[in-house]
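Me: I am new to this structure and would enjoy a close look at a single part of it. Please choose one helix, walk me through its surroundings, and then lead me on to other places worth visiting.

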Amino acid sequence: MITESAAQVEFHGGRARTGPATWGQQGTWDGIHGWLPELKPFFFLTKWLPVPLLLEVGDVLDVLGELVLRHESLRTRFHLGPGGEVTQEVLASGTLPVRVHDRPADDPVQFGDVVATCWQRDTATAFDHSAELPVRLSVALHEGIPVLVVLVFSHLAADHTATELLAAELTALLQARVDGVPPPPPRPALQPVDIALAERSPDGQMLAADALRHLRTALERMPPATPARAEPASPRHVGADLESDVLPVVVRKAARRCRTTTSVLMLAITTALVRCVCPGPLHRLDVMQGNRATPGLMGSVTTLNQVVHTVTDLRADSFAELLARAGRTMADARAHARYDSRAAAEVVRARGGALEPGTQFNDMWSTLPRARATAEPDPAASELTWPATSEAEHMVLYFDVRGTPERMRLGLMADTAVLPREEIGGFLLAFERVAVELADGDVPLERIGELFAESRARVDR
């Protein structure tokens, strides 16, 4: 029988300070509190890591303390002021609770189940950001020997890229402890309070003003709501995932052939499939940006994600035309992705009060390191699953790309009044088939429509 006990991670000697929230933190705070008390998956980021052999529990706790000490976002509390402003309070020292799960040798429970249980428990309640530090920790043992570290971060502390940075750093710190060598130095990076102060400088304010001008231009072109095509299901929004070993290979190959980036290529494929279900000619498109374009931000552990509201033209005579348009859209999004989200909300309210639901594109995969050379992937290994439903969302389609360098995961949460369940699965399967054909040559738009119809029929069966 697995036993559970309590431990603590201690951190001492850091810098204590208080400052305003960054634009990314402010937008994330408003997003979270706009949904509470309902919990949404984006509130949390989860990760597990193996512990190298030869370490004791105390070693693991010490290394976790070193990680927390290095990154102010992990030892920060957030407070709401009387005027609605959010401030961040960085602690110089303190403790974090840790749950320790010890599995005896004869216990049949798999460690994968232990991880799933930890994630389920630690994402079941929202973080109390005014009293709780924004990370929840567990350590899994086998007969007293550390095997896994399980982490759950608040989105106020980290975004997807920051989570990967933390995982890589924690892995290096653990290995240094095993090898008996000094820990690797922290990567030079701006801390969140530094970012917030820079955003309030004259240069930061000019950046925000330019982004708001771009938003006003997009609002002038905003199309009406996407019309319903079917009787909605209950719950109304359905999510599907497609995991594929083929996609990382063919997306990289197709991007090289088309002389573009993987992110632009995937946005173009997404747009081509949206044409199959949305009437156009214009469609509202939100592009999520990671905002790590400068050396000081590349290694920052915080939430920098911000969405850019755009309008895309679905009219095209060829995929090459959609690809060029996607390139321009992505470049504009990168240039206008840092702004005061509350000021942007005021601009939207002044222009009509709310945005009509559209499509959101969020590529979290293209920032991952390149995969090592592997054997030819098997298309039959692709797996379509249906992990989520939701009664209410703010978009017609949420499309995100994540995974590992070797295995890509496409996710699509859709309004079933616009995209019925079989078309949600068909959209993802067609994405893979379009990418496979693009790796070897041009694909006419009519062919993309055929692939979508064929893939939808596969889901029907």
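Reply: What follows starts at one helix and moves outward from there. A word on the ground rules: this is a predicted model, in which local features need pLDDT of at least 70 and side-chain atom pairs count only at pLDDT 80 or more, while totals for chains, interfaces and linings use all residues. Residues are numbered from 1 along each chain as its sequence is written, and side-chain values use heavy atoms, with hydrogens and water left out.

Let us begin with helix α11, residues 341–350, where Ser-341, Ala-344, Val-347 and Val-348 are buried. Helices (H or I, at least four residues) and strands (E, at least two) are DSSP runs, numbered from the N terminus. Buried means under 20% relative accessible area, exposed means over 50%, and partly exposed lies in between, using a 1.4 Å probe and protein chains only. Those four residues sit on the same side of α11, because they cover an arc of only 110° around the axis; the arc is that of the directions from the helix axis to the C-beta atoms. An α-helix has 3.6 residues a turn, so residues three or four places apart point the same way. The buried residues of α11 pack against α1 (23–35), α6 (202–220) and β11 (306–313), where contact means heavy atoms within 4.5 Å.

One of these buried residues, Ala-344, also helps to line the largest cavity, together with Ala-211, Leu-212, His-214, Leu-215, Val-307, Val-308, His-309, His-336 and Tyr-339. On a 1 Å grid over the protein atoms alone, a cavity is a set of points where a 1.4 Å probe fits but cannot get out, and a pocket is an open set with protein on both sides within 12 Å along at least five of seven lines; lining residues have an atom within 4 Å of a point. The structure has four cavities of 30 Å³ or more, and the largest holds about 80 Å³ of space. Grid points are joined across faces, edges and corners, and a volume is the space filled by probe spheres set on the points. Two neighbours of α11 return here: α6 and β11 each supply at least two residues of the lining, and α6 gives the most, with four. By class, the cavity lining has seven nonpolar, three polar and no charged residues. Here Ala, Val, Leu, Ile, Met, Phe, Trp, Tyr, Cys and Pro count as nonpolar, Asp, Glu, Lys and Arg as charged, and the others, Gly among them, as polar.

Now for an open space. The second largest pocket contains about 910 Å³. Of its 34 lining residues, Gln-289, Gly-290, Asn-291, Arg-292 and Thr-367 are the closest to its centre. Helix α4 contributes the largest share of that lining, four residues, and the lining divides into 14 nonpolar, 14 polar and six charged residues.

Our last stop is strand β9, residues 237–244, in which seven of eight residues are buried. It pairs in the antiparallel sense with β13 (383–390) over six bridges and with β15 (408–415) over eight bridges; two strands pair if DSSP finds at least two bridges between them. Within these pairings, Gly-239 has Ala-388 of β13 as its bridge partner, and His-237 stands opposite Asp-415 of β15.
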